[in-house]
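Here's a quick look at how two chains sit against each other. Have the structure open as you read.

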Protein chains: 2
Amino acid sequence: MVFWKKLFDKTNGVTTSKQAELEGDMLEVPSARTDKSRIFFSTDRNIDLYELEDLCDAVGWARRPLRKVKKALEHSFLVVSMWEVKGNRRRLIGFARATSDHAFNATIWDVVVNPSFQKKGLGKALMKYTIKKLRSSDISNITLFADPQVVEFYRQLGFMQDPEGIKGMFWYPD
Amino acid sequence: MVFWKKLFDKTNGVTTSKQAELEGDMLEVPSARTDKSRIFFSTDRNIDLYELEDLCDAVGWARRPLRKVKKALEHSFLVVSMWEVKGNRRRLIGFARATSDHAFNATIWDVVVNPSFQKKGLGKALMKYTIKKLRSSDISNITLFADPQVVEFYRQLGFMQDPEGIKGMFWYPD
C-alpha cells in the first residue's frame, strides 16, 4: 500500500489528486509486466466515475447514470479495479464488483477489461483476484450471471453452469 | 405500523418482548384471512434467529451457524418475513431476503414457506411483496437462483430463465 501511494505521490496531470490517494489492497501481475508497464489491482472503491465510464464505453456497454453507479459502488461488498502503470501514469483497464450478504453469498457484476488489454490473461487474473478476495472474507458461494460468449471463460475459472439444475432467473419491470 | 405494534403490545409468552417490538412495513394478505388467523408481512430484520432456524428446519435445509445467519440478515438489502397471527400470538411462516447494490441489481436468497402453509398462494404473495419492495427502491434487475423444482413457480411470477442465453454460474471452494 505504501508502495502504491509512493507510486502516485509524484503523479502528474494525468491522475487527479483524488486518484493519487487511491488505496486498498494492491497486487502486481508479474506475468503482465513489461519493460514499460506494470499491471496492478486495487480494492479501493474511490474510483473516478468518468474513467470507469470510459472503460465501460470501450466495451460498448449502455451508459448508466453516474449517480446510480456511485451508489452501486458504495454498496458493493467488493470493488476491484485493474490498472496499467507506465512511469508515473496509470490507466484503469479493468473492473469487477460483487454484492454480498457478507456471510454466505456473493454475486459478481460488471466484469470488464479494456479491449486493448484482452487476450493477455488479464481477465482471468482479475477474476482470480476477485475470487481470492471473496474467499478471504469466508464467502463460500460465489455466483454470477454470464453472457453466452463468456460462459466458457468462467467455466475455465472453475464456475459451474446450472449446478444440480439450479437456474439463473431474471425479473425485469414491464 | 402502529397497528402491528398494538397487536403485539399485549402479547403473551408465545412471543418474546424482543419480537413484540417487531416493526417495519406491514401488509396483511386479505385472501389468506380466516376467522381464526390472518397473514402479515414485515420488513423488520430483527427476527428471532431460533424461530428462523425452526422455519428452515421445517423444509429440511441444512443448519447454518447462527452467527453467520445474523451477519447475513444485517447485510441483506431487504429482509421479508411472513407471519400467521392468531389472536395475540404470531408465528413465523415464511421468509425471503435479498442482497443488492442499492442501485441496479438485487438477488433474492433463502425463500422459504412453512410446509403447513404451502399450496395456499402464500409463497406467491411473499414473492410479490418482495418484488414490490425492491421495485419501490428503484431496483430494476431482480435475480435469483432457482432449484429445478421451483423454476416453474418463479416463471409464473414473471421470472425468466436464462434470458438471452445468460447463464447462472457458481463457484464453490474445492
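Buried area here is the accessible area (1.4 Å probe) that two parts lose on being put together, summed over both. For chain B and chain A of this predicted model, that comes to about 4800 Å², with carbon and sulfur atoms giving 62%. On the chain B side, B:Phe104, B:Met169 and B:Trp171 lose the most area, together 19% of what that side buries.

Some housekeeping: the model is predicted, so local features need pLDDT of at least 70 and side-chain atom pairs pLDDT 80 or more, while totals for chains, interfaces and linings use all residues. Residues are numbered from 1 along each chain as its sequence is written, chains are lettered from A in the order written, and side-chain values use heavy atoms, leaving out hydrogens and water.

Now the symmetry. Superposing by least squares on C-alpha atoms of residues with pLDDT of at least 70 in both copies, chain B lands on chain A with an RMSD of 0.0 Å after a turn of 180° and a shift of 0.0 Å along the axis. That is the relation of a two-fold axis. In chain B, the C-alpha nearest that axis belongs to B:Gly168, 2.1 Å away.

Here are the contact counts (contact: heavy atoms within 4.5 Å; salt bridge: a side-chain nitrogen of Lys or Arg within 4 Å of a carboxyl oxygen of Asp or Glu).

| Item | Value |
|---|---|
| Contact residues, chain B | 49 residues |
| Contact residues, chain A | 49 residues |
| Salt bridges, chain B and chain A | six salt bridges |

One salt bridge joins B:Arg97 to A:Asp101, with the closest N and O atoms 2.9 Å apart.
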